[in-house]
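Please open the model in a viewer and display it as a cartoon, with side chains available for selection. The tour proceeds pocket by pocket.

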Amino acid sequence: MVMAQRRAGHPKTGDPKAGHPKNAGTRQRLTAQDWADAALAAIGEGGLAAVAVEPLAARLGTTKGSFYWHFAGRDALIEAALERWAEVATEAVIAETEAEPDPERRLRALLLRTTDAVIADPLGMSLLATAADPRVAAALARVTERRIGYVAALFAELGFPQAEARRRGLLAYTAHLGHAQLGHAVPQALPTGADRTRYLESVIDTLLHRG
């Protein structure tokens with residue numbers, strides 16, 4: 001997580017920590033992570049432009065004082081939110097996937113799970129739509145490389161040569177993104193229910209085919 005700093009010019013009254021939510025009688029003791037999560041929710045709903053301090057404070061049921069306790073400004077919050085996205089949507093998923101010892105089952109479970117998740121959550125598509133922003137572009141580049149690299153490592157563990165494992169990892173990720181794009185833009189183009197599960201399994205079978 002990006003280290004956040006309290007703005008030096010934040011006004012104080014009496015106790016130097018009077019602006020901190022722990023001392024202001026608020027309902028919650030908000031953390032920097034709470035603010036980052038709220039920023040991610042806003043990005044999913046309205047893109048990067050939706051990250052604004054006052055609306056986020058209202059969403060969290062607190063004041064701007066809580067924000068300035070944790071962050072120097074909006075840019076620091078955006079950086080923290082992007083770090084949080086990488087942590088939750090990539091590193092945590094990989095960590096859970098690693099609990100399965102069999103690499104093929106790990107690969108199948110990962111692709112099925114993440115394809116379901118990306119359609120249910122608009123955040124990934126919203127970030128892709130704001131890739132012109134340098135901060136988002138950098139985060140997308142890091143996360144994309146981490147994801148493709150991990151899937152490629154699974155193919156390598158299954159015995160594919162390194163170059164072929166990388167190619168299949170990239171192919172798996174582009175199939176994942178294409179499925180996600182259709183799921184958000186033209187959902188009727190995709191099969192549903194049991195047909196959808198069979199379709200995704202057939203995609204994975206194709207990726208695993210040795211011929």
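What follows is a tour of two pockets in this predicted model.

**First stop: the largest pocket**

Begin by selecting Trp-85, Ala-89, Thr-90, Val-118 and Arg-147; of the 31 residues that line the largest pocket, these are the closest to its centre. The volume of this pocket is about 620 Å³.

Next, colour the helices around it. Two or more lining residues come from each of α1 (32-46), α4 (74-97), α5 (103-120), α6 (123-129), α7 (134-157) and α8 (162-185). Which element supplies the largest share of this lining? Select α4, which contributes seven residues.

Then colour the lining of the largest pocket by residue class: 20 residues are nonpolar, six are polar and five are charged.

**Second stop: the second largest pocket**

Move on to Thr-115, Ala-175, His-176, Leu-200 and Val-203, the residues closest to the centre of the second largest pocket among the 15 that line it. Here the volume is about 170 Å³.

Now display α5, α8 and α9 (193-208), each of which provides at least two residues of this second lining. Within that lining, α8 is the greatest contributor, with six residues.

Apply the class colouring again. How many residues of each class line the second largest pocket? Eleven are nonpolar and four are polar, while none is charged.

**Last view: helices to keep on display**

Finally, show α5 and α8 together. Both helices give two or more residues to the lining of the largest pocket, and both supply at least two residues to that of the second largest pocket.

How values were computed. Residues numbered from 1 in each chain as written. Predicted model: local features only at pLDDT ≥ 70, side-chain atom pairs only at ≥ 80, totals over all residues. Heavy atoms only, no water. 1 Å grid on protein atoms, 1.4 Å probe; cavity = no way out; pocket = protein on both sides within 12 Å on 5 of 7 lines; lining within 4 Å. Points joined across faces, edges and corners; volume = space filled by probe spheres on them. Helix = DSSP H or I, 4+ residues; strand = E, 2+ residues; numbered from the N terminus. Nonpolar A, V, L, I, M, F, W, Y, C, P; charged D, E, K, R; others polar.
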